[in-house]
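Please look over the sequence and the model shown here before reading on. The text below is meant to be followed with the structure open.

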Amino acid sequence: MATREIASVVAEPVMTNCGMILPQSGFHDALRKMTRASGTLLHLDETHTISTGLGGYTRTHGLDPDIFVVGKPVGGGVPVGVWGMTEAVASELDTIRSRKSGIGHSGIGTTLSGSTFQLACLRACLESVMTAAAYDRMNDLADQIEAGFSAAIGEFGLPWHVSRVGARLEVVFTPSLVRDAAEARAAAIAVVQKALHISFLNLGYLLTPSTIWFWSRQPPRSTRPRGWSPDLSRSCSD
């Protein structure tokens with residue numbers, strides 16, 4: 001970035017496509033200082049971390065990006081996204097577009113402008129799902145899941161740990177945090193991952209297909225499978 005040739009750094013607040021790799025202490029502060037010093041825009045993608053808390057990882061941890069984007073979760077899984085930017089970036093974009101076209105908007109037509117269905121899903125999710133009360137409930141449940149897994153790991157003396165970002169958790173098969181994708185891949189144990197997937201899906205927990213990620217959404221009472229329990233320590237031992 002020192003050469004001022006990089007226009008924008010696009011990053012997730014937490015790496016999530018190769019396991020869940022938490023940022024090391026001071027990483028985001030250093031990244032923000034470096035981008036500002038070189039005139040590089042900082043663009044954070046919260047599609048996988050918006051479940052951290054109300055306002056996502058950015059608001060929860062006081063980050064200060066120039067551009068912020070969230071994908072499908074903001075519409076309940078429907079293909080839709082929202083993005084925003086600082087007033088300074090918006091003003092500069094308007095100036096550049098006006099200079100090029102004589103008008104200050106992007107010119108995107110109806111092909112890419114969305115649909116009433118997408119907008120209805122977006123509004124329903126923002127107004128009724130992504131609420132402070134819902135985030136509090138999710139994180140309360142995540143507390144139970146984290147405590148249960150940690151207790152089971154300790155009880156059986158396993159060299160594992162629980163990695164967590166808000167309401168999203170992952171069982172990592174190492175005793176300490178992984179630092180990059182190479183360490184995350186090296187830590188994977190396929191046969192254990194498959195066994196955990198099957199057992200916890202049967203207990204009513206929502207998991208991703210690739211790694212042992214949990215979302216703390218409690219199944220409704222009427223749909224809980226027999227034997228369902230938020231006590232992860234008991235579930236693991238079973």
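What follows goes from the whole chain to a sheet, a hairpin, a cavity, a helix and two single residues.

The model is a predicted one. The protein chain contains eight helices and eight strands. Its length is 238 residues, of which 38% count as buried. Take the contacts between residues at least 6 apart in sequence: 55% of them join residues at least 24 apart.

Begin with the open sheet of four strands, whose order is 1-2-3-4 and whose pairing is mixed. Strand 1 (8–11) and strand 4 (82–85) each have a single partner strand and stand at the edges, so one side of each has no neighbour in the sheet. From one strand to the next, the twist averages 15 degrees. Strand 3, residues 67–70, pairs with strand 4 in the antiparallel sense, over four bridges. Within this pair, Val69 stands opposite Trp83 of strand 4. Helix 3, made of residues 87–101, packs on the sheet and touches strand 2 (41–45), strand 3 and strand 4. The direction of helix 3 makes about 95 degrees with that of strand 4.

The loop between strand 3 and strand 4 holds Gly81. Is Gly81 buried, partly exposed or exposed? Its relative accessibility is 45%, and because buried means under 20% and exposed over 50%, Gly81 counts as partly exposed. Setting aside neighbours within four places in sequence, Gly81 is in contact with Val70, Gly71 and Val74. Leu119 is 38 residues from Gly81 along the chain, and the C-alpha atoms of the two are separated by 10.0 Å.

Further along the chain is a hairpin formed by strand 5 and strand 6, with two residues between them. Gly166, in the turn, has a positive phi of about 60 degrees. Strand 5 (residues 161–165) pairs with strand 6 in the antiparallel sense over five bridges, and Val165 has Arg168 in strand 6 as its bridge partner.

How many of the residues of strand 6 are buried? Strand 6 covers residues 168–172, and five of its five residues are buried. In a regular strand, side chains alternate between the two faces of the sheet. In strand 6 both faces are covered, with Arg168, Glu170 and Val172 buried on one side and Leu169 and Val171 buried on the other.

Val172 also belongs to the lining of the second largest cavity, together with residues including His161, Ser163, Leu177 and Val178. Met20, Ile21 and Leu22 are also among the lining residues. This second largest cavity has a volume of about 30 Å³. The count of cavities of 30 Å³ or more comes to two.

Helix 5 runs over residues 132–155, which makes 24 residues. From its first C-alpha to its last it reaches 34 Å, close to the 34 Å expected at 1.5 Å a residue. An α-helix has 3.6 residues a turn, so residues three or four places apart point the same way. The buried residues of helix 5 are Tyr135, Asn139, Leu141, Ala142, Ile145, Gly148, Phe149, Ala152 and Ile153. After helix 5 comes Gly157, with a positive phi near 60 degrees.

One residue without a glycine's backbone remains: Arg4 has a positive phi of about 60 degrees although it is not a glycine. Arg4 is placed in the segment before strand 1. With 57% relative accessibility, Arg4 counts as exposed.

Conventions
Residues are numbered from 1 along each chain as its sequence is written. This is a predicted model: local features need pLDDT of at least 70, side-chain atom pairs count only at pLDDT 80 or more; totals for chains, interfaces and linings use all residues. Side-chain values use heavy atoms; hydrogens and water are left out. The expected span of a helix is 1.5 Å times one less than its number of residues. Buried means under 20% relative accessible area, exposed over 50%, partly exposed in between (1.4 Å probe, protein chains only). Two strands pair if DSSP finds at least two bridges between them. Axes are lines fitted to C-alpha atoms, for helices over the stretch in contact, and angles run from 0 to 180 degrees between N-to-C directions. Contact means heavy atoms within 4.5 Å. On a 1 Å grid over the protein atoms alone, a cavity is a set of points where a 1.4 Å probe fits but cannot get out, and a pocket is an open set with protein on both sides within 12 Å along at least five of seven lines; lining residues have an atom within 4 Å of a point. Grid points are joined across faces, edges and corners, and a volume is the space filled by probe spheres set on the points.
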